[in-house]
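Hi,

Here is the structure I promised to hand over. Have a look at it first, and then read on for my notes.

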2 protein chains.
Amino acid sequence: MSGGLVVTGCDVLSIPAEGECEILRAHDIVVADGRIQEVRPTGGAHPNDAAEVIDGRGLLAVPGLVNAHTHSPMVLMRGAAEDVTVEGWFNERVWPMESNLTPDDVQTGALLACAEMIRSGVTTFADHYFFPEQIAEAVAETGLRADIAPTYFSSHGQEALEATVRFAETRHGTAGGRVTVSLGPHAPYTVDDEDLRTLSGHARRLGLRLHIHAAEHLEQTESSLARRGATPIRVLHETGVLEAGALIAHGCGIVEQDLPLLAEYASTTAVACCPKVYLKHALSPLTPVRDLLDAGVTVAVGTDGAAGHNTLDVWEALRLVALTQKQAVRDATWMTVSDTLRLATRGGARALGLQDRIGALEPGMRADIVLTDLSGSHCRPLHDPRAALVYSARASDVRTVVVDGRVLMRDGRLLTVDEPALLAEADSRVARILDTSHGRVVQHYDP
Amino acid sequence: MSGGLVVTGCDVLSIPAEGECEILRAHDIVVADGRIQEVRPTGGAHPNDAAEVIDGRGLLAVPGLVNAHTHSPMVLMRGAAEDVTVEGWFNERVWPMESNLTPDDVQTGALLACAEMIRSGVTTFADHYFFPEQIAEAVAETGLRADIAPTYFSSHGQEALEATVRFAETRHGTAGGRVTVSLGPHAPYTVDDEDLRTLSGHARRLGLRLHIHAAEHLEQTESSLARRGATPIRVLHETGVLEAGALIAHGCGIVEQDLPLLAEYASTTAVACCPKVYLKHALSPLTPVRDLLDAGVTVAVGTDGAAGHNTLDVWEALRLVALTQKQAVRDATWMTVSDTLRLATRGGARALGLQDRIGALEPGMRADIVLTDLSGSHCRPLHDPRAALVYSARASDVRTVVVDGRVLMRDGRLLTVDEPALLAEADSRVARILDTSHGRVVQHYDP
């Protein structure tokens with residue numbers, strides 16, 4: 001038996017598929033071959049004397065969080081595009097800066113993003129970016145789990161489309177199964193219908209999904225209706241994207257007529273909600289989470305890229321989902337603590353088609369375990385650890401992180417990333433990346 | 001010269017009264033007698049060889065944050081009232097629990113709150129609660145700065161009113177000037193006009209302000225208009241509260257007709273905005289911050305009590321002010337990074353009438369200095385430290401805290417609080433405080 005690991009004496013957050021989360025007091029989590037074998041009251045004999053032991057006493061084990069939509073290498077542009085309109089953000093800041101990126105930049109950015117996510121207890125992320133090979137390398141190296149969608153614009157041409165398909169064919173299921181691939185048409189307003197149909201066909205052929213921005217805000221939906229008489233979601237329907245299975249980023253512009261279309265493919269359709277960027281970009285309304293859940297569509301929590309969100313902190317994101325969704329439907333009793341925790345774990349797992357592998361600390365699941373320390377004064381008295389996770393805890397309360405049975409951070413020390421060297425490497429690349437004097441862009445934003 | 005202190009080699013956040021914040025690189029902050037003497041480029045001789053030296057290299061000094069509205073002892077009920085309506089929160093959970101509180105409970109709660117605030121870089125707070133003597137003791141002991149308003153309901157009778165006035169007469173200006181007092185009528189819907197007039201008179205006589213909940217949400221304003229033909233703000237005007245000077249908590253229900261009334265007393269009127277609790281209680285609209293600032297009224301940032309806000313973290317609160325205010329007025333270019341930082345520092349100082357003492361790191365100001373460490377992966381690359389403070393940093397990035405020239409936390413270690421003993425003491429009181437089987441309440445909520 002390889003990869004043996006036992007976390008002893010921790011409390012365990014149990015997140016059922018429905019209903020209230022529960023805290024199992026003083027349990028052991030027994031891991032073998034990267035998989036959870038048993039979650040049981042502490043004190044029994046360990047199944048394997050040679051197993052690595054983590055003393056979990058005083059800590060709460062939670063399933064690794066899933067960041068269901070991000071552009072991880074954009075950490076390189078964190079804080080470099082503030083207080084601007086959405087149009088200014090794309091056309092004046094981000095798309096010009098992105099035209100500077102080299103494959104090495106992207107690998108450095110992805111590694112830095114992985115370090116930040118490990119530190120904050122994110123064990124799986126759905127990425128959408130250029131130079132996906134370099135992201136896959138960073139994921140393989142750091143030990144995280146990721147679904148990687150290579151970003152595709154129709155303006156980049158057929159060779160680029162074929163390259164994304166080759167990436168999917170060669171990389172899906174690598175890194176011991178930790179790397180999966182989705183196809184990544186950017187959005188219905190940057191990818192034409194023919195390309196969407198072609199990519200949907202490849203996705204069906206390969207048994208993969210598509211990860212795509214759509215109906216990002218209501219103006220996009222209105223613009224799509226005006227230009228072509230169909231909502232962005234209907235375009236996804238007509239081009240086979242929904243049929244293949246889609247992880248839809250944002251969806252703030254999903255309207256009533258879209259719901260039956262999404263419901264038809266609910267088992268393979270998900271929407272990732274990233275509220276911090278919606279607020280920051282002054283968007284209203286937000287993702288219609290209640291309507292989506294009522295329609296049976298999976299909802300998950302994401303951070304988007306750090307050029308807009310400024311962190312890859314899913315604790316921050318899930319708290320904002322709870323807060324903004326309560327306000328959005330004017331119901332303080334809705335989007336409960338338990339439901340919020342479920343979105344960021346089981347919801348994220350479903351959104352990536354990984355619900356049989358991750359999203360809960362249960363026998364048979366891959367061992368993606370985050371040990372949190374809720375003993376700080378900002379969480380005390382600790383009346384309800386579940387409420388503390390949603391409303392009081394910080395990413396810095398994460399102590400130890402295990403992915404696929406491997407310890408990636410132990411008591412605050414990263415084991416798979418040379419963080420000082422990485423930060424210095426990132427700093428050395430910054431001036432060139434921020435220089436937009438050349439006037440190039442990766443794309444023009446005009447949805 | 002006593003209290004000599006030099007912070008050497010730090011970067012300093014300069015927050016002007018208007019315009020962009022700036023970062024002064026590699027400066028020394030020279031402190032004498034609890035006051036900032038000089039902020040100057042590092043490298044000069046220290047004025048006093050005996051002074052305490054803090055090596056600030058690699059850290060960013062920011063003015064201590066001001067929590068402009070809280071009920072500090074409510075940390076004892078953190079996480080004990082989740083996913084309930086506003087009415088349920090007051091009538092089923094919080095006001096029954098508060099009827100259990102003893103003076104010793106309140107002192108324990110206030111000490112725990114002080115520990116949390118020191119850890120997160122809050123150096124001044126505006127408190128509003130019962131048993132104010134015990135809060136003043138906690139503030140004196142821990143070294144923080146606070147303006148304390150003793151909560152008063154008319155239902156508690158004239159003896160209670162007189163006790164709040166005696167507290168003001170005896171405690172204002174104590175603890176070396178760190179404790180100031182405001183009078184604390186709870187709200188226009190729980191304090192009658194006669195009591196409001198009496199308290200306004202005492203405030204004018206004593207040269208103090210009033211700290212009061214008013215127009216907490218739009219339904220309260222509508223209810224006040226229906227019941228008595230006047231908005232809550234007009235009631236404050238008619239009862240002399242605005243004339244005496246008022247720190248108004250929340251003000252989400254401030255309407256257009258209120259703005260001229262507030263503008264008339266703008267120099268001594270402020271509104272504390274605590275957006276996390278508005279979202280959590282599913283309220284809309286939020287504090288009309290743009291209208292208030294346009295009318296010349298001071299706006300500050302608060303956390304409210306931790307029974308609703310779950311933390312006393314002003315970083316979290318100021319970030320939510322920026323995010324929610326951008327969305328509220330549908331303008332992503334508004335509530336900029338610089339303006340947000342100003343609200344939480346200079347704005348808070350003005351809100352408490354302390355603008356000549358605190359709110360900026362400038363010669364002549366009291367030495368309330370917070371050293372933050374923005375070197376963590378979640379803030380890197382550090383393109384713009386100002387943006388990092390608003391959108392990336394966490395309370396846990398605070399390393400060292402100085403109030404009135406005294407070091408209260410050094411490199412993460414609290415120097416004025418025995419935190420383990422305090423946490424154990426708080427835990428020992430919890431079961432009794434949460435027991436609401438007796439059916440008592442401090443007040444009934446029906447605004």
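Which residue forms a salt bridge with A:Arg429, and how far apart are the closest N and O atoms? The partner is A:Asp105, and the closest N and O atoms of the two are 2.7 Å apart. A:Arg429 sits in helix H16 of chain A and A:Asp105 in helix H2 of chain A, so this pair ties together parts that lie 324 residues apart in sequence. Both A:Arg429 and A:Asp105 are buried. The pair also belongs to a network of salt bridges that links A:Asp105, A:Glu425, A:Arg429 and A:Arg432. Please keep in mind throughout that this is a predicted model.

Two other salt bridges in chain A caught my eye. The side chains of A:Glu133 and A:Arg171 meet at 2.9 Å, N to O. This pair links distant parts of the chain, with A:Glu133 in helix H3 (residues 132-142) and A:Arg171 in helix H4 (residues 157-171), 38 residues apart. A:Glu133 is partly exposed at a relative accessible area of 32%, whereas A:Arg171 is buried at 15%.

The other one joins A:Glu362 to A:Arg346, with 2.7 Å between the closest N and O atoms. Here A:Glu362 is in the loop between helix H14 (337-351) and strand E15 (369-372), while A:Arg346 is in helix H14, and the two are 16 residues apart. A:Glu362 has a relative accessible area of 30% and is partly exposed; A:Arg346 has 19% and is buried. Over all chains, the structure holds 58 salt bridges.

Now to the way the chains meet. A turn of 180° with a shift of 0.0 Å along the axis lays chain A on chain B with an RMSD of 0.0 Å. The two copies are thus related as by a two-fold rotation axis. The residue of chain A that comes closest to this axis is A:Ser396, at 3.4 Å (C-alpha). Of the interface residues of chain A, 100% are also interface residues in chain B, so the copies meet through the same surface.

In this interface, 60 residues of chain A are in contact with 62 residues of chain B. The two chains bury about 4,800 Å² between them, 56% of it on carbon and sulfur atoms. Eight salt bridges are found across the interface, and one pair whose side chains meet in this way is A:Arg380 and B:Asp427, at 2.7 Å, N to O. There are also 30 residue pairs in polar contact between the chains. Helix H2 (103-119) and helix H16 (419-434) are among the elements that give two or more residues to the side of chain A that touches chain B. H13(A) gives the most to that side, with six residues. The residues there divide into 24 nonpolar, 17 polar and 19 charged.

A:Arg78 deserves a look of its own. A:Arg78 lies in the loop between strand E6 (65-70) and helix H1 (86-98) of chain A, and is buried, with a relative accessible area of 2%. Its side chain reaches the backbone oxygen of B:Ser377 at 3.0 Å. Residues that A:Arg78 touches include A:Glu116 and A:Asn310 in chain A and B:His378, B:Cys379 and B:Pro381 in chain B.

Happy browsing, and all the best!

Definitions and conventions. Residues are numbered from 1 along each chain as its sequence is written. Chains are lettered from A and ligands numbered from 1 in the order in which they are written. This is a predicted model: local features need pLDDT of at least 70, side-chain atom pairs count only at pLDDT 80 or more; totals for chains, interfaces and linings use all residues. Side-chain values use heavy atoms; hydrogens and water are left out. Contact means heavy atoms within 4.5 Å. Buried area is the accessible area (1.4 Å probe) that two parts lose on being put together, summed over both. A salt bridge is a side-chain nitrogen of Lys or Arg within 4 Å of a carboxyl oxygen of Asp or Glu. A polar contact is a pair of N or O atoms within 3.5 Å; within protein, one must be able to donate a hydrogen and the other to accept it, and residues adjacent in sequence count only if both atoms are side-chain atoms. Helices (H or I, at least four residues) and strands (E, at least two) are DSSP runs, numbered from the N terminus. Ala, Val, Leu, Ile, Met, Phe, Trp, Tyr, Cys and Pro count as nonpolar, Asp, Glu, Lys and Arg as charged, and the others, Gly among them, as polar. Buried means under 20% relative accessible area, exposed over 50%, partly exposed in between (1.4 Å probe, protein chains only). Copies are superposed by least squares on the C-alpha atoms of residues with pLDDT of at least 70 in both. Lists of a residue's contacts leave out its neighbours within four places in sequence.
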